[in-house]
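Q: Please take a close look at one loop in this model and the proline it holds. Then place that loop among the other local features of the chain.

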Amino acid sequence: MSYTVAPFVSCHRVRQIGWRHQLYPIVFLILWVSSGEASSQLRYSISEELPEGHVVGNIAKDLGIELNLLKERSFRIMADATAPLFSVNENNGDLYSNRVVDREAVCKDNNACLINLKAVLDNPLEVHYILVEVIDLNDHSPVFPEKIKRLEIVESALPGTKYLLHNAYDPDSGPNTVQQYKLSQNEYFRLEVKDRGKDGKTPVLQLQKQLDRETKSNHKMVLTAFDGGNPSKSGTVEIIIDVLDVNDNMPVFTKDSYTAVLQENAPIGTTVMQVNATDLDSGSNGEVIYSFSREVKDTIRQLFDIDPFTGEITVKGNIDFEEEDSYDIDVQASDRGSIPFRTDKSVIIKIGDANDNPPVIEVASLSGAVPEDSRPGTTVALISITDLDSGINGKILSHVTTDSPFTIKPSIQSNMFAVVTKSQLDREQHAFYDVTIMAEDAGDPQLRSNKTIRVTVSDVNDNNPQFNVIMYAMYITENNPPGASVFSVKATDWDEGENGLISYQIHRGGGDEYKIVSFLNINTETGDIVALKSFDFETLKSFQFQVVASDSGTPSLSSNATVHVFILDQNDNAPVILYPVRSNGSAEGVEEIPRNVNAGHLVTKVRAYDSDIGYNGWLLFSLQEVTDHSLFGLDRYTGQIRTLRSFTETDEAEHKLVILVKDNGNVSLSATATVLVKVVEPREAFAASDVKSSSKDSEDTNVTFYLMITLASVSALFILSIIVLIAMQCSKSSTDYTSKYLQDTNYDGTLCHSIQYRSGDKRYMLVGPRMSVGSTIVPGSQANTLVLPDRRRPSEEVKHKQTNLI
């Protein structure tokens, strides 16, 4: 076999394709000639990424084949199993590309990319070998297998430790592939590049400085791969290094100190505060749990609780400021590492005072009794007022709530107060006082309490004995039995004990008053007055004296009362016949009247007198004996004897009339008088009348004189009594006062005097023989007391009633 080697033919073509392709075709022609078969080899070089239809070279020309034989001999490129990249034009012999040639797609490695083609001619058969070299363009950047590369490195790793990284991949070949790596600036790692031959260059991280997860838990770096193209292209990968924790840190509380204020009586479950601790470690090494330290007392554990996971301290029991005003609690924070670290922190809980305690009042000292003459400011009691609360909640305000002559003042000693008098005391008005002391604090809400103490006022002899009335009117019935109690006076003394013990005595002056008072005696203890002799109304009708009431205090105090004694009449005097004049111990008189007198003629008038008064002195006349009842009549009240009819011839010339005069006493007393009536002829009667008239005038004059003296004496005594009574009453009331005994100016009976008196709102009169019209006899008064109509004006009655009420 012989070979013919044709010289190389090279064609230099420069073609710009797009913005980045330049073509430098070099054609090498090698002709092989052998016996019985013709063969040759052509070599073309093209740049990748040339467009579809790009002419690689003219095979016919380069092989020296005539163009007219190309079709005849079926000049073609032998196709392989895949779609051919190149084709030949039968008309002109150009070799052109069927599609864009991607070197990285055609050639899978970084070696030279050579494509072998076979050009075939028939008749005779010729096979020509064509080698097309695809020249690489730097059209790819280095690419790392992943965008982010995470590495986990324990924080306890030692400096110098190396960590192999993945290569960057660049499908380009030759210098266009990865040539170098660059690591971003950091203080912990540096980059080494290890050349592994055909496997390329491998980046290696080397630890330069000890890692600290608590300082920085991860590190981020950028690794850049550069190829050798011009311009160079690069690719990056972010490297994240997670520092794995080692339990090398203790829990640390976030605050230097924990202080909270908790109000007392806070409900159970109330959050007091929350402690917080952090552990720079991670995982269980940095997981913090909370608890009270072992040294915390059980009493505190009964009041507070702590959540082991959140560090929240809550109220567990009853918080009372008065028991403890603050708590210092040691709280422990520990991690959950295999060998746990613990940190203690002191927590201070200050208890805020709530106004939950009312003031407490206690009596420290209390006087048994306070004299009523004590000066204002006298201390009667010492009290202690305390409040367990503090601040404004324990500030005490106190005062006396009751209306009493006491007040409260603070003393020198703290929380001590004095109850003192603020005005004069008077035991007679108040023997004791229940003093209520109110104490209240200044909190919100305000709490208060009170306490009542009894202050007893002791007596001082500062009151005179006082009689029930200033003037007494004492009524004694005459002929009273000697030694019997006739009256009683009563005095009261507002003081007590010896100061209020009263003794009575009668003030015995001189003169006539002494003589009368000497017949009286008084019980010094009871005030009962005893008459030592009997009184006679007809001798003594009234008198007065003074009673002295003295207490037993020191000095003794006394007061006087005037007692007016009125002697009441009894029917102890029989009527006295004034006319006819008594002779020889009997009252007997002779009257002569003419026979021719008519009916109603006044024959004579029997006159009588009774020293008693009222019914006892009210005289009634009656005919006890008469010769002819049809001839004479007697006025029972006046004692007048009158003829009832005219005399007849048959009537006797002399008539005897026995007149009975009796009073109206309970036991009636009486006297009799005899009147002889002689009927004479008119002439004789006339003559006798002259003689008798002279005698009778003389007799009447004497009787009238005696009667006037008696009436004047009785009236004078009576008027004197009235004046005394009026004077006494005027001292008590105005001129509206009415005496119990008043002179009846309208009385015209046979009595020399009568008495009126008042009891309550009615007027009474002890009457004589004639009763006034409109009067009423009082039942049980022995028919000698009349109820008189009240002639006072309505205004006077009202005024008198008011005086009686007073």
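A: The loop in question runs between β42 (542-551) and β43 (558-568), and Pro-555 lies in it. The model is a predicted one. The peptide bond from Thr-554 to Pro-555 is cis, with omega near 0°. A cis bond also leads into Pro-445: the peptide bond from Asp-444 has omega near 5°. Pro-445 sits in the loop between β33 (432-441) and β34 (448-458).

The chain around these loops has seven helices and 57 strands. Of its 806 residues, 42% count as buried. Among contacts with a separation of 6 or more, 64% are between residues 24 or more positions apart. The exposed surface of the protein chain comes to about 42,900 Å², and carbon and sulfur atoms supply 51% of that area.

Other loops hold backbone features of another kind. Asn-123 is not a glycine, yet its phi is positive, at about 50°. Its loop connects β9 (113-121) and β10 (126-135). Asn-123 is exposed, because its relative accessible area is 65%, and the cut-off for exposed is over 50%. Asn-479 likewise has a positive phi, near 65°, in a residue other than glycine. Asn-479 is found between β36 (471-477) and β37 (485-488), again in a loop. With 37% relative accessibility, Asn-479 counts as partly exposed.

A loop residue can also be covered. Leu-211 lies in the loop between β15 (201-207) and β16 (218-227). Its relative accessible area is 3%, so Leu-211 is buried; the limit for that class is under 20%. Leaving aside residues up to four places away in sequence, Leu-211 touches Ile-153, Val-154, Glu-155, Tyr-188, Phe-189, His-219 and Val-243. One of these partners, Tyr-188, is 23 residues away along the chain, and its C-alpha atom is separated from that of Leu-211 by 7.5 Å.

Among the strands, β19 (residues 258-263) shows two faces. Tyr-258, Ala-260 and Leu-262 form the covered face, while Thr-259, Val-261 and Gln-263 form the uncovered one. Strand β19 runs parallel to β26 (residues 342-352), and six bridges join the two. Thr-259, on the uncovered face of β19, has Ile-348 as its bridge partner in β26.

Last comes the empty space inside the protein. The count is one cavity of 30 Å³ or more. The volume of the largest cavity is about 70 Å³. Its lining consists of Phe-144, Pro-145, Glu-146, Lys-149, Leu-165, His-166, Leu-223, Val-237 and Ile-239. Sorted by class, the lining has six nonpolar, one polar and two charged residues. Leu-223 of this lining falls within the range of β16 (218-227), the strand that ends the loop holding Leu-211.

To return to the starting point, Pro-555 belongs to the loop between β42 and β43, and the bond that leads into Pro-555 from Thr-554 is cis.

How values were computed:
Residues numbered from 1 in each chain as written. Predicted model: local features only at pLDDT ≥ 70, side-chain atom pairs only at ≥ 80, totals over all residues. Heavy atoms only, no water. 1 Å grid on protein atoms, 1.4 Å probe; cavity = no way out; pocket = protein on both sides within 12 Å on 5 of 7 lines; lining within 4 Å. Points joined across faces, edges and corners; volume = space filled by probe spheres on them. Nonpolar A, V, L, I, M, F, W, Y, C, P; charged D, E, K, R; others polar. Helix = DSSP H or I, 4+ residues; strand = E, 2+ residues; numbered from the N terminus. Buried < 20%, exposed > 50% of the residue type's maximum accessible area, 1.4 Å probe, protein only. Contact = heavy atoms within 4.5 Å. Areas by Shrake-Rupley, 256 points an atom, 1.4 Å probe, with all protein chains shown as cover. Pairing = 2+ DSSP bridges.
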